[in-house]
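Student: Got a minute to walk through this one with me? I'd like to get a feel for the fold before I set anything up.
Tutor: Sure, pull it up and we'll go piece by piece.

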Amino acid sequence: MAGTRVLVGTRKGAFVLTSDERRTDWKVDGPHFPGWEIYHMKGSPLNPDRIYASQTSGWFGQVIQRSDDGGVTWETVDNDFGYDGVPGEHQWYDGSLRPWEFHRVWHLEPSLHDVDTVYAGVEDAALFKSTDGGTSWDELSGLRQHGTGPQWQPGAGGMCLHTILQHPTDPDTLYVAISAAGAFRTTDGGSTWQPINKGLRSSEIPDQDSEVGHCVHRIDMHPSNPDVLYMQKHWDVMRSDDAGDAWHEVSGNLPSDFGFPIAVHAHEPETVYVVPITSDSHHFPVDGKLRVYRSRTGGDSWEPLTEGLPQSHCYVNVLRDAMAVDQHESCGIYFGTSGGQVYSSNDSGDTWAPIVRDLPAVLSVEVQTLS
Amino acid sequence: MSPSVRVTLPPNLRAMARVHGEVLLEVPGEVTQRSVLDALEAEYPMLLGTIRDRRTARRRPFVRFFACQEDLSHDEPDAPLPARVVAGEEPFMVVGAMAGG
């Protein structure tokens, strides 16, 4: 029988949750790296036993951990994220210029195409690549040195590169998103980049047609239709049908179009999930009801999914990297909350149940479907 | 043979280095913050970047160095450490600063 492994990064360590294909009984293993913030963990799609973890601390800096046995044992790999050349400067909150400075790794994306290649999205925003399993890292500096770099500025959480999407068949095409610079695309493996923010509307910036400056929270795609991208922006849920050349809003009947994560169903390219949050000042669900919203029409028309989720007095948040889908025939959806709950649905979101209730605040959730 | 320099690490770094209690280091040449940390990172490379910056070699802001009831955090990295640390009579203490409320 196939297995399921959920990788949970929290404010105080990493947890590995395992089950079989039925996904009803779970084994909880952890905390790994207790006391450390685990911003993200993700396994290689080519070798699921290889898992990377971004371990970080305000005291002791950035550590990258790698497991080659499915998260049972871990070894540190390289943590030297040096910007290429002279780092230059970007905008600060007050409009002054500030030098690029490395803070932490927000997101690790193992390659779809090569088992030893992994990408790291970091704060201050830059993209790094390792071709030796994390033993060494090099910046793909064409992104940071894009002509708009000096105009980039941090969002409230920092100027982080948090989303890395790979084209399923073309290793040279990547999409990244940066808060609060926007989305970018490369088609030459990361040497050159193009901003892909046309159609985004952000009341927080003066020029609505600005090439950069939009606060993109998360992008996702379905591998069967990689030209269709879905975006949860600071405000607005957006869709592109041309690989990011243009975007249009598909927020439709959502009770709030603010939120962080967005995910696409494993087998239905037009089925999309978001978690609406009241506003950027509240950061908790609308009306104290934890509801995942599902669109089966690629956006615009959304239905609330509530069965098994708290529908009163719930004031948790769900962060951008904290939602994932598995590949089982009956697609599983998973998300983690700032209250330490990890919820799962084994039926595409119709019903939900907590796997765990009392972990530290959840920063990231990824899932592996094991054969 | 010169005595070993004793180094204590905060719990998070002891766990990462997989050590219990004090670390004993053979430090070649003059015993300074820099030479002790060089020897520590050579013996335990997983600690690279956790005590001092990989690029600048500067102490991380929330890390402190104590020895012999003194705060040595702001001393020059190449200043000699106290004689009792050099003699192995007192540990060189790497401490995570109290912060966070």
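Tutor: One term before we start: two strands pair if DSSP finds at least two bridges between them. Also keep in mind that this is a predicted model.

Student: OK, so in E16(A), what's the bridge partner of Ala177(A)?
Tutor: That's Ala183(A). The strands involved are E15 (residues 174-179) and E16 (residues 182-186) of chain A, which run antiparallel and are joined by five bridges.

Student: How many residues sit between E15(A) and E16(A)?
Tutor: Two, and the pair forms a hairpin.

Student: And which residue in E17(A) is the bridge partner of Phe184(A)?
Tutor: Pro195(A). E16(A) pairs with strand E17 (residues 194-195) of chain A over two bridges, in the antiparallel sense.

Student: Staying in chain A, how many residues of E4(A) are buried?
Tutor: Seven of seven, for a strand that covers residues 37-43. E4(A) runs antiparallel to strand E5 (residues 51-57) of chain A, with six bridges joining them. One place to look is Met41(A), whose bridge partner in E5(A) is Ala53(A).

Student: Switching to chain B. What's in there, helices and strands?
Tutor: Three helices and five strands. Going from the N terminus, the order is β-α-β-α-β-β-α-β.

Student: How compact is chain B for its 101 residues?
Tutor: As compact as a globular protein of that length, because its radius of gyration is 13 Å, close to the 13 Å from the globule rule. Its C-alpha atoms fill a box of roughly 40 × 25 × 25 Å along the principal axes. As for burial, 29% of the 101 residues of chain B count as buried.

Student: What about contacts in chain B between residues 24 or more positions apart?
Tutor: Those make up 55% of the contacts with a separation of 6 or more.

Student: What order do the strands take in the chain B sheet?
Tutor: E2-E1-E5-E3-E4, in an open sheet with mixed pairing. Strands E2 (23-25) and E4 (70-71) of chain B are at the edges with a single partner strand each, so each has one side without a neighbour in the sheet.

Student: How many bridges are there between E3 and E5 of chain B?
Tutor: Four, with E3 (residues 63-67) and E5 (residues 92-96) antiparallel to each other. Within that pairing, Val63(B) stands opposite Gly96(B).

Student: Where does helix H2 of chain B go?
Tutor: H2(B), residues 33-43, lies across E1 (5-8), E2, E3 and E5 of chain B, and runs at about 110° to E2(B).

Student: Which residues of H2(B) are buried?
Tutor: Gln33(B), Val36(B), Leu37(B), Ala39(B) and Leu40(B). Down the helix axis they fall within an arc of 160°, so they line one face of H2(B). That fits the usual geometry: an α-helix has 3.6 residues a turn, so residues three or four places apart point the same way.

Student: And what covers the buried residues of H2(B)?
Tutor: The cover includes E1, E2, E3 and E5 of chain B.

Student: Last thing: how many residues of chain A are in contact with chain B?
Tutor: Twelve, and they meet 13 residues of chain B. Strand E6 (residues 61-67) of chain A gives the largest share of the chain A side, three residues.

Student: Nonpolar, polar or charged, how does the chain A side divide?
Tutor: Four nonpolar, seven polar and one charged.

How values were computed. Residues are numbered from 1 along each chain as its sequence is written. Chains are lettered from A and ligands numbered from 1 in the order in which they are written. This is a predicted model: local features need pLDDT of at least 70, side-chain atom pairs count only at pLDDT 80 or more; totals for chains, interfaces and linings use all residues. Two residues are in contact if their C-beta atoms, placed from the backbone, lie within 7 Å. Axes are lines fitted to C-alpha atoms, for helices over the stretch in contact, and angles run from 0 to 180 degrees between N-to-C directions. Ala, Val, Leu, Ile, Met, Phe, Trp, Tyr, Cys and Pro count as nonpolar, Asp, Glu, Lys and Arg as charged, and the others, Gly among them, as polar. The radius of gyration is taken over C-alpha atoms; the globule rule is 2.2 Å times the number of residues to the power 0.38. A residue is buried if 20 or more other C-beta atoms lie within 10 Å of its own, exposed if 12 or fewer, and partly exposed in between; C-beta atoms are placed from the backbone. The arc is that of the directions from the helix axis to the C-beta atoms.
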